[in-house]
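Subject: Handover of a structure

Dear colleague,

I am passing on the structure below, together with an account of what was found in it. Please read the notes beside the coordinates.

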Amino acid sequence: MMGFNVALPWGDSERWDFVVWGCEGERVLRVQVKGTGRLHLGGYEVQPVHSSRRNGKKRYTKKEIDVIAAHVQPV
């Protein structure tokens, strides 16, 4: 509806969930989606982390993703 093109990765091998871009020649953005229903200090909290079997929780880096999108799950 907003005019973005969307591509989904094949499998589950990337840190991002999908990529978006606008018109031809515009930058492609890697988007990670996080869901939340947790209220914290009057707002919804999203933790920008992923789990690793060896190292526990790790923060996403600029090399891995460009944007985090939050999906607020109503109570």
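Strands here are DSSP runs of E that hold at least two residues, and they are numbered from the N terminus. With that in mind, the protein chain reads along its sequence as β-β-β-β-β-β-β-β, that is, with eight strands and zero helices. Please keep in mind throughout that this is a predicted model.

On the overall form, the radius of gyration of the protein chain is 14 Å, well over the 11 Å that the globule rule gives for 75 residues, and the chain is therefore more spread out than a compact globule. The C-alpha trace spans about 40 × 35 × 20 Å along its principal axes, and 17% of the 75 residues count as buried.

Turning to the sheet, four of the strands form an open one, with mixed pairing, in the order E1-E2-E3-E8. Strand E1 (5-7) and strand E8 (67-72) stand at its edges, and because each has a single partner strand, one side of each is left without a neighbour in the sheet. From one strand to the next, the twist averages 35 degrees. As background, strands of a sheet pair through backbone hydrogen bonds, and they can do so in either a parallel or an antiparallel manner.

At the E1 edge, three bridges join E1 to strand E2 (residues 18-21), and these two strands run antiparallel; within this pairing, Ala7 stands opposite Val19 in E2. Val6, which also has its place in strand E1, is exposed, with a relative accessible area of 53%. A residue counts as exposed when this value is over 50%, so the assignment of Val6 at 53% follows from that cut-off. Val6 is also one of the residues that make a nonpolar surface patch of about 740 Å², the others being Met1, Met2, Phe4 and Leu8.

Further along the chain there is a second antiparallel pairing to look at, in which four bridges join strand E6 (residues 49-52) to strand E7 (residues 56-59). These two strands form a hairpin, with three residues between them, and the bridge partner of His50 in E7 is Lys58.

If you wish to begin with one region, the E1 edge brings several of these findings together, since strand E1 has a single partner strand and Val6 of that strand takes part in the nonpolar patch.

With best wishes

Key
Residues numbered from 1 in each chain as written. Predicted model: local features only at pLDDT ≥ 70, side-chain atom pairs only at ≥ 80, totals over all residues. Heavy atoms only, no water. Pairing = 2+ DSSP bridges. Axes fitted to C-alpha atoms, helices over the stretch in contact; angles between N-to-C directions. Patch = residues over 30% accessible without salt bridge, like charges linked within 9 Å, V, L, I, M, F, W, Y side chains within 5 Å. Areas by Shrake-Rupley, 256 points an atom, 1.4 Å probe, with all protein chains shown as cover. Salt bridge = Lys/Arg side-chain N within 4 Å of Asp/Glu carboxyl O. Buried < 20%, exposed > 50% of the residue type's maximum accessible area, 1.4 Å probe, protein only. Rg over C-alpha atoms; globule rule 2.2 N^0.38 Å.
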